[in-house]
Amino acid sequence: MAVVQFTPQLRRFTETPVVQTTAGSLREALEEAFAINPRLRGYVLDDQGHVRPNVVVFIDGRRSEDRVRLADALAPDSRVHVMEALSGG
């Protein structure tokens, strides 16, 4: 099963479940996490359903570039990491 994990930065604000899924796309997998904790949606997606500018998603070590449709395909053994992008000065 594919696994979706959220980094500790997001855990500071809300519960971030580790989700094991058979979802075929990133959007489907994220929806499973949001079903467990609906508050998480607002930290990851904006009100248009797009990945927020301060959030980055990696699938099997590669950055997802589809921030709108979230149509990236997941393999049965994919590893998805959702994290807040860090910035500094």
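**Notes on a predicted model: strands, a loop contact and two unusual backbone angles**

1. Leucine 70 is found in the loop between β4 and β5, and it is a useful place to begin reading this structure, which is a predicted model. Although leucine 70 is not a glycine, its phi is positive, at about 55°. Most residues other than glycine have a negative phi. Leucine 70 counts as buried because its relative accessible area is 1%, and buried means under 20%.

2. A second residue with a backbone angle of this kind is aspartate 60, whose phi is near 50°, a positive value in a residue other than glycine. Aspartate 60 is placed in the loop between β3 and β4, and those two strands form a hairpin with 2 residues between them, aspartate 60 being in the turn. Is aspartate 60 buried or partly exposed? With a relative accessibility of 44%, aspartate 60 counts as partly exposed.

3. The hairpin strands can now be followed in their pairing. Strand β4 consists of residues 62-63, and it pairs with β3 in the antiparallel sense over 2 bridges; within this pairing, isoleucine 59 has arginine 62 in β4 as its bridge partner. Of the 5 residues of β3, 4 are buried, so this strand is largely enclosed by the rest of the structure.

4. Strand β3, residues 55-59, is also joined to β5, here by 5 bridges, and the two strands run antiparallel. One position to look for is valine 55, whose bridge partner in β5 is glutamate 84. Strand β5 is joined to β1 (residues 2-6) as well, by 4 bridges, but in this case the strands run parallel. In that pairing, glutamine 5 stands opposite histidine 81 of β5.

5. Which side chains of β5 point to the buried face? In a regular strand the side chains alternate between the two faces of the sheet. Along β5, which covers residues 79-84, this alternation can be followed residue by residue: Val80, Val82 and Glu84 point to one face and are buried, whereas Arg79, His81 and Met83 point to the other face and are not buried. Glu84, on the buried face, is the residue already met as the bridge partner of valine 55, while His81, on the other face, is the one that stands opposite glutamine 5.

6. Away from the strand pairings just described, a contact between two loop residues deserves a careful look. Threonine 14 is in the loop between α1 (8-11) and β2 (19-21), and asparagine 37 is in the loop between α2 (26-36) and α3 (39-44). What does the side chain of threonine 14 make a polar contact with? Its partner is the side chain of asparagine 37, at 2.8 Å.

7. Both partners of this polar contact are buried: threonine 14 has a relative accessible area of 9%, and asparagine 37 has one of 10%. When neighbours within four places in sequence are left aside, threonine 14 is in contact with Asn37, Arg39, Leu40 and Tyr43. Asparagine 37, for its part, touches Thr14 and Glu15, again not counting residues up to four places away in sequence.

Technical notes:
Residues are numbered from 1 along each chain as its sequence is written. This is a predicted model: local features need pLDDT of at least 70, side-chain atom pairs count only at pLDDT 80 or more; totals for chains, interfaces and linings use all residues. Side-chain values use heavy atoms; hydrogens and water are left out. Buried means under 20% relative accessible area, exposed over 50%, partly exposed in between (1.4 Å probe, protein chains only). A polar contact is a pair of N or O atoms within 3.5 Å; within protein, one must be able to donate a hydrogen and the other to accept it, and residues adjacent in sequence count only if both atoms are side-chain atoms. Contact means heavy atoms within 4.5 Å. Two strands pair if DSSP finds at least two bridges between them.
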